[in-house]
Amino acid sequence: MSLRSLLGRRPAGLGSTTRNSARPAATVGSQGLARSIRLFRLFLLEQTEPAAFYSGLASDSADQVARHIDLPGRTVIDVGGGAGYFTAAFRARGANCYLFEPDESEMRSAGEPAEGAVQADGYWLPVADASADACFSSNVLEHVADPVGLIDEMIRVTRPGGVIYLSYTNWYSPWGGHEMSPWHLLGADYAARRFVRRYGREPKHRVGANLYRVHIGPILRMMRGRRDVQILDARPRYYPKWCKFIVRIPLLRELISWNLLLILRRKT
Ligand SMILES: C[S@@+](CC[C@H](N)C(=O)[O-])C[C@H]1O[C@@H](n2cnc3c(N)ncnc32)[C@H](O)[C@@H]1O
């Protein structure tokens with residue numbers, strides 16, 4: 001599918017897009033402890049080698065999607081895709097991936113934007129209904145004021161039978177306050193003041209402006225109540241698959257999941 005046919009409404013392109021060369025069928029990684037240890041090692045690189053960190057995380061995320069849909073030749077939409085690491089991982093697996101990102105500075109944060117990146121808001125994707133085989137967003141939901149609006153839009157652009165991948169850092173996660181963590185657990189204002197005192201500059205995130213309190217229980221209840229999607233997987237994103245039980249335990253899930261991964265199938 002070309003970008004022109006994908007974009008049904010309000011196109012705002014930054015460049016052209018090409019299909020990347022496919023690598024052989026997705027190597028779908030493990031779901032066990034070895035994967036979690038690998039991810040943990042990657043996290044240690046976030047500050048010093050961000051490209052290694054984001055590429056590794058993106059590769060893992062594309063593998064998670066590939067467990068539910070064959071990626072070669074499929075249309076994937078990366079919502080809030082930032083610098084494009086996730087888009088690159090999907091393209092490396094042979095998917096036609098399109099990146100939509102509202103903030104140009106995020107797009108350019110690792111150099112030139114991903115090829116064909118489109119500056120657009122995730123609430124109003126300039127894409128026709130049901131045009132994607134998979135719609136993906138990583139760590140975007142906690143940055144929008146209306147998470148349900150973003151989820152609605154992701155479902156709208158996904159074809160029946162297609163897959164929606166959604167992951168976010170919930171507020172009571174040890175990392176819920178992002179660079180202000182874990183002090184956000186004592187209150188957002190306190191955490192922001194403490195950050196300014198300690199580092200002599202404003203934090204990148206402000207609660208209520210570009211970081212929001214998103215919890216696990218309400219999102220799960222909302223998803224379970226929807227008739228247009230089936231939940232294929234709901235679990236802590238970075239933990240082994242057997243830790244899935246955590247998301248069934250109220251309160252505990254808010255405190256220790258760290259990041260919720262939801263994989264959904266759009267119903268007919
Ligand atoms: C923490 S970054 C995540 C970037 C990338 N997805 C990743 O996981 O590395 C959050 C991203 O969400 C984007 N974002 C914020 N509001 C958005 C919106 N309304 N629609 C789409 N993306 C949005 C930000 O611009 C930013 O690029």
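Here's a quick briefing on one helix and its packing, the ligand shell, and a few backbone oddities. The model is predicted, so keep that in mind throughout. Helix H4, residues 85-92, is mostly covered, with seven of its eight residues buried. H4 crosses helix H3 obliquely, and elsewhere there's a cis peptide bond between Ser 181 and Pro 182.

**Helix H4 and its surroundings**
- The buried residues of H4 are Tyr 85, Phe 86, Thr 87, Ala 88, Ala 89, Phe 90 and Arg 91.
- They pack against helix H3 (50-66) and against three strands: S1 (75-79), S2 (96-100) and S3 (132-138).
- Just past the helix, H4 is followed by Gly 94, which has a positive phi near 90 degrees.

**How H3 and H4 meet**
- The two axes come within 8 Å of each other and cross at roughly 50 degrees.
- Angles from 65 to 115 degrees would count as roughly perpendicular and those under 35 as roughly parallel, so H3 and H4 are oblique to each other.
- The H3 and H4 crossing is right-handed.
- On the H3 side, the contact uses Tyr 54, Ser 55, Ala 58, Ser 59, Ser 61 and Ala 62; H4 brings Tyr 85, Phe 86, Ala 88, Ala 89 and Phe 90.
- Sort the residues of this H3 and H4 contact by type and you get eight nonpolar, three polar and no charged.

**Around the ligand**
- There are 18 residues around the ligand, and those that come nearest are Gly 80, Gly 82, Glu 106, Gly 122 and Ser 138.
- The shell splits into seven nonpolar, seven polar and four charged residues.

**Backbone oddities in loops**
- Ser 181 and Pro 182 are joined by a cis peptide bond, with omega about -5 degrees.
- You'll find Pro 182 in the loop between strand S4 (158-168) and helix H7 (188-199).
- Asn 139 isn't a glycine, yet its phi is positive, near 55 degrees.
- Asn 139 sits in the loop between S3 and helix H6 (147-157).
- With 17 other C-beta atoms within 10 Å, Asn 139 is partly exposed, because a residue needs 20 or more to count as buried and 12 or fewer to count as exposed.
- Trp 258 is another residue other than glycine with a positive phi, this one near 75 degrees.
- Look for Trp 258 in the loop between helix H9 (252-256) and strand S6 (260-266).
- Trp 258 is partly exposed too, having 16 other C-beta atoms within 10 Å.

Methods: Residues are numbered from 1 along each chain as its sequence is written. This is a predicted model: local features need pLDDT of at least 70, side-chain atom pairs count only at pLDDT 80 or more; totals for chains, interfaces and linings use all residues. Helices (H or I, at least four residues) and strands (E, at least two) are DSSP runs, numbered from the N terminus. Two residues are in contact if their C-beta atoms, placed from the backbone, lie within 7 Å. Axes are lines fitted to C-alpha atoms, for helices over the stretch in contact, and angles run from 0 to 180 degrees between N-to-C directions. Angles under 35 degrees count as roughly parallel, over 145 as roughly antiparallel, 65 to 115 as roughly perpendicular and the rest as oblique. A crossing is left-handed if the near helix is turned anticlockwise from the far one by less than a right angle, and right-handed if clockwise. Ala, Val, Leu, Ile, Met, Phe, Trp, Tyr, Cys and Pro count as nonpolar, Asp, Glu, Lys and Arg as charged, and the others, Gly among them, as polar. A residue is near a molecule or strand if its C-beta atom, placed from the backbone, lies within 6 Å of it.
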